[in-house]
Amino acid sequence: MNNFHYFIKNSLNATLLEKSPTTFDAGGHLLSQNTTSIDFSKNFTDFFKGVNIALGAEYRLENYEIFSGEEASYASYNIKGDVVNNFTRANLVTLDGKIRPGASQGFPGYSPKNELKKKRTNLSFYIDTEFDFTKKWMLATALRYENYSDFGCRINYKLATRLKLLPILNLRTSFSTGFRAPSLAQAYYNFSFTNYVGNQLVESLLIANNNPITGKFGIGKLKEEITKNISIGITYNPKHNFAINLDTYFISIKDRIILSGNFNTDDLNLRAENVQFFANGVNTTTCGLDIKVKWFKKFNKSKFSIDLFGNVNSMKIDEIKHKNLDEETFFGIRERHFLLASAPKNKFSLNFNYQKEKFNANVNVTRFSGVELIDWEMNKDIYHPKYTVDVQLGYHIFKNIIFQIGATNLFNAYPTMQDKYTDSGGVWDSTQMGTNGAFYYSKLQFSF
């Protein structure tokens with residue numbers, strides 16, 4: 001269960017003037033999942049060179065809730081101190097002829113109008129088989145059925161094979177389908193907030209997918225994201241202490257769920273200038289290459305290993321399903337760059353590990369590729385490639401007690417600083433290795 005409960009400090013409700021509190025309980029939202037599953041598997045050695053069959057079932061209960069905060073966190077008040085509604089629109093609090101905004105500034109609270117409790121269940125069944133027809137050829141199949149109480153049912157499948165071309169060379173390939181049902185939050189989340197659009201403060205609404213307003217924009221009920229996956233890989237192991245794994249992949253995702261941009265509400269008679277919503281808005285394809293190289297050597301009472309992990313990745317937006325809506329508003333250039341940045345061009349890690357008797361040392365060097373994002377002034381911000389170094393030292397005090405000290409991002413590397421027109425002024429919320437800098441720790445581990 002995740003529970004996000006927001007408390008606002010050093011803020012105010014401008015319509016309460018000097019009577020305004022400076023701290024607010026703004027409410028929040030929570031999501032819980034309860035999963036029960038049962039699985040069976042058995043290997044049959046009397047058929048071919050071996051047959052393995054696995055099957056099972058799963059039942060999941062999901063609950064999603066939005067709960068309101070205190071009144072001052074979401075309400076507007078008139079000069080008499082009464083909550084402004086359809087019957088008390090007189091005597092509004094103004095400054096220089098302009099109506100003051102209500103609610104806690106910076107983050108307005110959830111109101112009773114936002115409150116909801118939603119739940120759904122999901123029942124699934126699967127069967128998975130692996131046939132070793134010969135010592136050189138294996139064929140695997142899988143089938144999965146899922147039935148959502150609010151969404152419907154879906155069947156997915158997988159077909160995979162492995163072929164031993166040489167004693168030191170294996171070839172493997174697979175094809176599979178998949179889907180992801182809209183989450184309860186994507187279907188029902190709703191909120192009102194102050195947003196920056198074109199460097200101007202505006203009041204915005206994020207409306208739930210089942211809100212009639214979405215229909216006025218031509219947005220239908222959220223449907224599942226559908227995927228097709230193809231992969232081909234080889235394993236090369238010429239020596240017992242050396243191995244290479246290469247895997248290529250192609251992933252097609254149809255009807256990816258995105259959060260739209262802000263649409264004008266002049267014709268909708270809403271108490272907000274803009275409205276946005278979740279929609280099945282984008283088709284994408286992604287292809288890439290995973291690389292894994294391992295070498296290790298044992299000598300005396302020591303063991304030394306070097307591992308190289310790498311990924312080269314390319315995502316392409318094939319279609320933006322904006323229908324009759326303005327494409328730039330529906331899913332603009334900034335949002336497109338954010339989506340593409342979620343699949344960086346490449347990432348490589350080089351790991352060194354040394355172990356002798358009770359002592360162990362590990363050093364990991366990671367290179368993150370550059371990232372391109374668009375700021376509020378529509379300028380392209382380039383985050384240059386960055387390196388991080390992680391170090392960990394461990395010692396077996398006793399057989400089942402290990403003491404460790406270490407550092408993540410030892411040299412305190414940060415993303416490239418940008419101008420003030422980024423979301424958080426200088427760096428984005430999450431870029432490459434994040435914005436938290438170095439982290440140092442010690443750990444005492446017990447095993448029984």
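A salt bridge here is a side-chain nitrogen of Lys or Arg within 4 Å of a carboxyl oxygen of Asp or Glu. The structure is a predicted model. The exercises below use that rule first.

**Exercise 1. Test the pair arginine 154 and glutamate 224 as a salt bridge, then say which parts of the chain the pair ties together.**

Step 1. Take the distance. The closest N and O atoms of arginine 154 and glutamate 224 are 3.2 Å apart.

Step 2. Apply the cut-off. The limit is 4 Å, so the pair passes.

Step 3. Place the partners. Arginine 154 lies in strand 8 (residues 152-166). Glutamate 224 lies in the loop between helix 3 (212-216) and strand 12 (225-239). The pair therefore ties together parts that are 70 residues apart in sequence.

Step 4. Classify the surroundings. Arginine 154 has 24% relative accessibility and counts as partly exposed. Glutamate 224, at 16%, counts as buried.

**Exercise 2. Do the same for lysine 321 and aspartate 255.**

Step 1. Take the distance. The side chains of lysine 321 and aspartate 255 meet at 2.5 Å, N to O, in a salt bridge.

Step 2. Place the partners. Lysine 321 sits in the loop between strand 17 (302-320) and helix 4 (327-330). Aspartate 255 belongs to strand 13 (residues 242-259). The two are 66 residues apart, and the pair links distant parts of the chain.

Step 3. Classify aspartate 255. Its relative accessibility is 3%. Buried means under 20%, so aspartate 255 is buried.

**Exercise 3. Start from glutamate 58 and arginine 60, and find the network that holds them.**

Step 1. Recall the principle. Side chains of opposite charge can pair when their charged atoms come close.

Step 2. Check the starting pair. Glutamate 58 and arginine 60 form a salt bridge, with closest N and O atoms 3.5 Å apart.

Step 3. Classify both ends. Glutamate 58 is partly exposed, with a relative accessible area of 21%. Arginine 60 is buried, at 13%.

Step 4. Follow shared partners. Salt bridges that share partners join Glu58, Arg60, Glu62, Arg120, Arg144, Glu146 and Asp150 into one network.

Step 5. Give the total. The salt bridge count comes to 14.

**Exercise 4. Trace the pairing of strand 7 with strand 6 and with strand 8.**

Step 1. Begin with strand 6 (116-132) and strand 7 (residues 137-148). These strands pair in the antiparallel sense over 11 bridges. Aspartate 132 stands opposite methionine 138 in strand 7. A hairpin of four residues joins strand 6 to strand 7.

Step 2. Move on to strand 8. Strand 7 and strand 8 are also antiparallel, with 12 bridges. Tyrosine 148 has glycine 152, in strand 8, as its bridge partner. Three residues lie between strand 7 and strand 8 in their hairpin.

**Exercise 5. Describe the surroundings of glycine 27 and serine 111.**

Step 1. Take glycine 27, found in strand 2 (residues 24-44). At 0% relative accessibility, glycine 27 counts as buried. Leaving aside neighbours within four places in sequence, its contacts are Phe4, His5, Tyr6, Phe67, Ser68, Gly69 and Tyr110.

Step 2. Take serine 111, in the loop between strand 5 (98-99) and strand 6. Serine 111 is buried at 13% relative accessibility. With neighbours within four places left aside, serine 111 is in contact with Ser68 and Tyr74.

Step 3. Compare the lists. Ser68 is a contact of glycine 27, and Ser68 is a contact of serine 111 too.

**Exercise 6. Which strand gives the most to the nonpolar patch, and how exposed is phenylalanine 398?**

Step 1. List the patch. Phe359, Leu393, Tyr395, Ile397, Phe398, Phe403, Ile405, Leu444, Phe446 and Phe448 make a nonpolar surface patch of about 1000 Å².

Step 2. Assign strands. Strand 22 (386-398), strand 23 (401-408) and strand 24 (439-446) each supply at least two residues. Strand 22 gives the most, with four.

Step 3. Examine one member. Phenylalanine 398 is in strand 22. Its relative accessible area is 54%. Exposed means over 50%, so phenylalanine 398 is exposed.

**Exercise 7. Find the buried residues of helix 5 and what covers them.**

Step 1. List the residues. In helix 5 (residues 333-341), Arg334, Arg336, His337 and Leu339 are buried.

Step 2. Name the cover. This includes strand 13, strand 16 (278-299), strand 17, helix 4, strand 20 (371-374) and strand 21 (380-383).

Definitions and conventions:
Residues numbered from 1 in each chain as written. Predicted model: local features only at pLDDT ≥ 70, side-chain atom pairs only at ≥ 80, totals over all residues. Heavy atoms only, no water. Buried < 20%, exposed > 50% of the residue type's maximum accessible area, 1.4 Å probe, protein only. Contact = heavy atoms within 4.5 Å. Patch = residues over 30% accessible without salt bridge, like charges linked within 9 Å, V, L, I, M, F, W, Y side chains within 5 Å. Areas by Shrake-Rupley, 256 points an atom, 1.4 Å probe, with all protein chains shown as cover. Pairing = 2+ DSSP bridges.
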